[in-house]
Amino acid sequence: MAALRFIGVRLAQLAVVVLVVTLLFYWMLNLLPGNPCVAAFGGAATPEQIAQCEQDRNLGDPVIVQWAKWGGDVLTGDFGKSYLTGRTFGEAVSNALPRTLLLLAYSQILALGAAIPLGLWSGYRQGSAGDRLITGGAFALLSAPVFVVGLVLMLLFAVRLDWFDLSGYQPISDGLAAHFKVMFLPAVALAAGLLPIYLRLLRTDVIGTLQEDFVGTARAKGLPVRMVLLRHVLRPSSFTLLTIFGIQAAQAVNGAIVVEFLFDLDGVGSLLVSWVAAREFLLVQTLVALIAAVFVTVTTVVDLVYAALDPRVRRR
Amino acid sequence: MTAAMTTVVRASRRATAPRRPRRSIALYVSLGWLFLVVAGAVLAPWLGFLDDPHRPLAGPPEAGPSWSNWFGTDQLGRDMFARSVWGSRLSLSIAGPAVGMGVVIGGVLGVVAGYFGKWIDLAVSSVVNVALALPALVFALFIVTMLGQSFWNVTIAVTILTIPAIARIARAQALRFAAREFVIVANVMGARWPRLLFREVLPNVVPALASIAFLAMGIVIIAEGSLSFIGVSVGSPSITWGNILAAGRGRLEESPHIALTTGGVMFATLMALNFVGDDLLRRLDVREARI
């Protein structure tokens with residue numbers, strides 16, 4: 001019962017936040033001087049076209065009514081279209097979304113795959129030369145902007161060594177080799193920003209957990225160090241990793257926008273940037289409002305998973 | 001007891017010992033570097049040896065680093081060292097005011113929320129939490145698009161990015177100090193809230209805020225760099241680190257020095273900022289803000 005109530009409260013909060021955040025983005029477009037419908041045609045529209053656009057967007061109504069109608073359209077799958085190109089929002093995003101999601105997934109796998117062994121080891125060997133090398137490296141990576149890391153990777157491995165392609169996106173259906181030849185460097189560039197965050201948190205956690213009695217017990221039972229680290233030390237840290245995963249999701253999207261631009265991947269970030277450049281305010285507004293909604297939802301889901309795993313959270 | 005077991009025990013003993021702040025050469029190198037970069041940015045127009053960053057053929061086009069062009073030249077033969085220094089001028093003059101405003105606004109919000117608690121805290125905290133969960137760059141892009149690409153609009157956009165994180169740290173610090181004995185004693189002695197807030201709590205939060213300013217500066221430089229890298233910051237012909245790197249991306253094959261030199265300067269500056277900020281936070285024992 002308590003669990004159901006907790007879920008209910010969190011979902012209600014989520015609904016309120018999504019409504020407020022999207023309304024906020026909607027209201028901001030109204031602060032713009034001039035008519036967004038005039039801008040949407042790039043200044044070369046007939047009065048009929050503008051009237052049509054104004055009617056589509058309900059510009060005659062108060063902001064809150066516009067927003068409510070927009071919400072209704074979105075929920076029924078009508079996301080609007082570009083008045084310049086005639087392309088619908090749905091087409092553009094459904095083309096771009098898989099690329100962005102794959103990029104994010106690969107980079108998270110790479111970041112976690114590297115951070116877990118390195119974090120465990122450097123926490124276990126705290127203060128050793130290896131630990132200092134790893135923490136120092138993590139600190140340096142943390143200071144490197146993703147576009148600098150990306151440029152260096154590009155120069156070394158695509159331009160100089162020619163191991164990877166810079167030909168834009170290749171779908172998996174064109175063959176795994178071609179796909180990874182274009183996706184690997186972007187994923188590494190993005191992972192480079194996430195890795196140090198995971199690593200440092202895990203290291204701190206490991207140092208704390210190693211002091212617990214159960215670690216000594218596990219060792220005294222004769223378990224090898226590797227088993228103790230993986231079974232007994234890593235497990236309590238999974239909560240920390242989960243929390244930070246939720247927080248870092250937003251950070252990863254910031255990086256993804258830049259990485260997609262850098263490597264010509266034409267994902268959602270590139271879409272956003274190109275719409276911004278073409279002054280497609282109406283599409284930018286819908287996309288930003290949706291991204292905000294997705295993120296607030298992700299945070300709530302992480303919270304719920306967290307509560308499911310750790311009963312103490314529910315009582316707070 | 002095996003060797004590995006003793007390592008576990010030793011590791012744990014070491015972990016409980018208080019950490020001594022490092023007073024390392026790296027800290028002084030960082031401070032020296034920051035001083036150089038800031039001095040270069042401020043004094044750029046008056047530095048006699050610095051080329052005009054817009055002058056074509058300051059050297060042979062697309063030449064690598066040489067004695068006359070320290071960072072080489074671009075395809076128009078413009079001096080890349082001069083462009084890097086002028087780029088820092090714009091990047092830092094956006095980051096400076098942005099961090100200043102961010103620290104003041106975020107600091108006030110956080111301290112007020114942490115000190116008064118109740119509904120004020122609830123309101124501030126929930127806004128901060130939502131803001132932290134959103135991808136900041138998307139938001140900055142949106143603001144700059146809506147307001148237009150100008151110096152102040154970019155500054156406003158990146159300022160807004162810093163506020164939630166700073167407010168969260170300030171709140172945690174205020175909470176920590178509001179419960180300390182000297183505040184309670186002042187309260188018992190009859191001090192009212194303005195005195196408690198401004199004379200007792202705030203002065204203790206300020207050092208933490210000052211050190212966070214270094215970290216926030218790094219975040220803002222990256223944010224502005226990302227915006228200008230994707231072409232959404234202050235427009236051409238302004239020179240920023242981000243748009244130098246964007247131009248260098250197109251010339252990676254012919255002149256990698258364009259991206260590498262400016263990228264290196266940017267990386268060194270960010271590392272120095274993080275190093276100084278991290279060191280200060282360690283000295284002040286602020287746990288919430290460690291990067």
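User: What makes the pair Asp131(A) and Arg203(A) a salt bridge?

Analyst: In this predicted model, the side chains of Asp131(A) and Arg203(A) approach to 2.8 Å, N to O. The cut-off is a Lys or Arg side-chain nitrogen within 4 Å of a carboxyl oxygen of Asp or Glu, and therefore the pair, at 2.8 Å, is counted as a salt bridge.

User: Why can this pair be said to tie together separate parts of chain A?

Analyst: Asp131(A) belongs to helix H6 (residues 129-143) and Arg203(A) to helix H8 (residues 176-209), so the salt bridge links parts that are 72 residues apart in sequence.

User: Are Asp131(A) and Arg203(A) called buried or exposed, and why?

Analyst: Asp131(A) has a relative accessibility of 2% and Arg203(A) one of 11%. Buried means under 20%, so Asp131(A) counts as buried, and so does Arg203(A).

User: What makes Arg171(B) and Asp121(B) a salt bridge, and which helices hold them?

Analyst: The closest N and O atoms of Arg171(B) and Asp121(B) are 2.6 Å apart, and since the limit is 4 Å, the pair qualifies as a salt bridge. Arg171(B) sits in helix H6 (residues 151-178) of chain B and Asp121(B) in helix H4 (residues 118-133) of chain B, so parts 50 residues apart in sequence are tied together. The two partners fall into separate accessibility classes, for Arg171(B), at 25%, is partly exposed, whereas Asp121(B), at 13%, is buried.

User: Where in chain B do Asp279(B) and Arg283(B) lie, and how do you know that they form a salt bridge?

Analyst: Both residues lie in helix H10 (residues 257-284) of chain B, four residues apart, which is about one turn of the helix. Their closest N and O atoms are 2.6 Å apart, which is within the 4 Å cut-off, and the pair is accordingly a salt bridge. Asp279(B) has a relative accessible area of 3% and is buried, while Arg283(B), at 32%, is partly exposed.

User: How many salt bridges are there over all chains, and how many between chain A and chain B?

Analyst: Over all chains the count is four salt bridges, and between chain A and chain B the count is zero. Across that interface there are, however, three residue pairs in polar contact, both residues being at pLDDT 80 or more.

User: What makes up the side of chain A that touches chain B?

Analyst: Several helices of chain A each supply at least two residues, among them H1 (2-30), H7 (146-160) and H10 (225-262), and H12(A) gives the most, with nine residues. By class, this side has 39 nonpolar, eight polar and seven charged residues.

User: How much area is buried between chain A and chain B, and what share comes from carbon and sulfur atoms?

Analyst: The two chains bury about 4,600 Å² between them, of which carbon and sulfur atoms give 77%. Phe139(A), Phe147(A) and Leu151(A) together supply 13% of the area that chain A buries against chain B, more than any other three residues. The contact takes 54 residues from chain A and 48 residues from chain B.

User: Which residues have the most contacts inside the largest nonpolar core?

Analyst: The largest nonpolar core has 168 residues, and those with the most contacts inside it are Trp275(A), Leu141(B), Ile221(B) and Leu227(B). Its largest share, 16 residues, comes from H10(A). Leaving aside neighbours within four places in sequence, Leu227(B) is in contact with residues including Leu137(B), Leu141(B), Val154(B) and Val232(B).

Methods
Residues numbered from 1 in each chain as written. Chains lettered and ligands numbered in written order. Predicted model: local features only at pLDDT ≥ 70, side-chain atom pairs only at ≥ 80, totals over all residues. Heavy atoms only, no water. Buried < 20%, exposed > 50% of the residue type's maximum accessible area, 1.4 Å probe, protein only. Contact = heavy atoms within 4.5 Å. Buried area = accessible area lost by both parts, 1.4 Å probe. Polar contact = N/O pair within 3.5 Å; in protein donor to acceptor, adjacent residues only side chain to side chain. Nonpolar A, V, L, I, M, F, W, Y, C, P; charged D, E, K, R; others polar. Core = buried A, V, L, I, M, F, W, Y, C linked by side-chain atoms within 4.5 Å.
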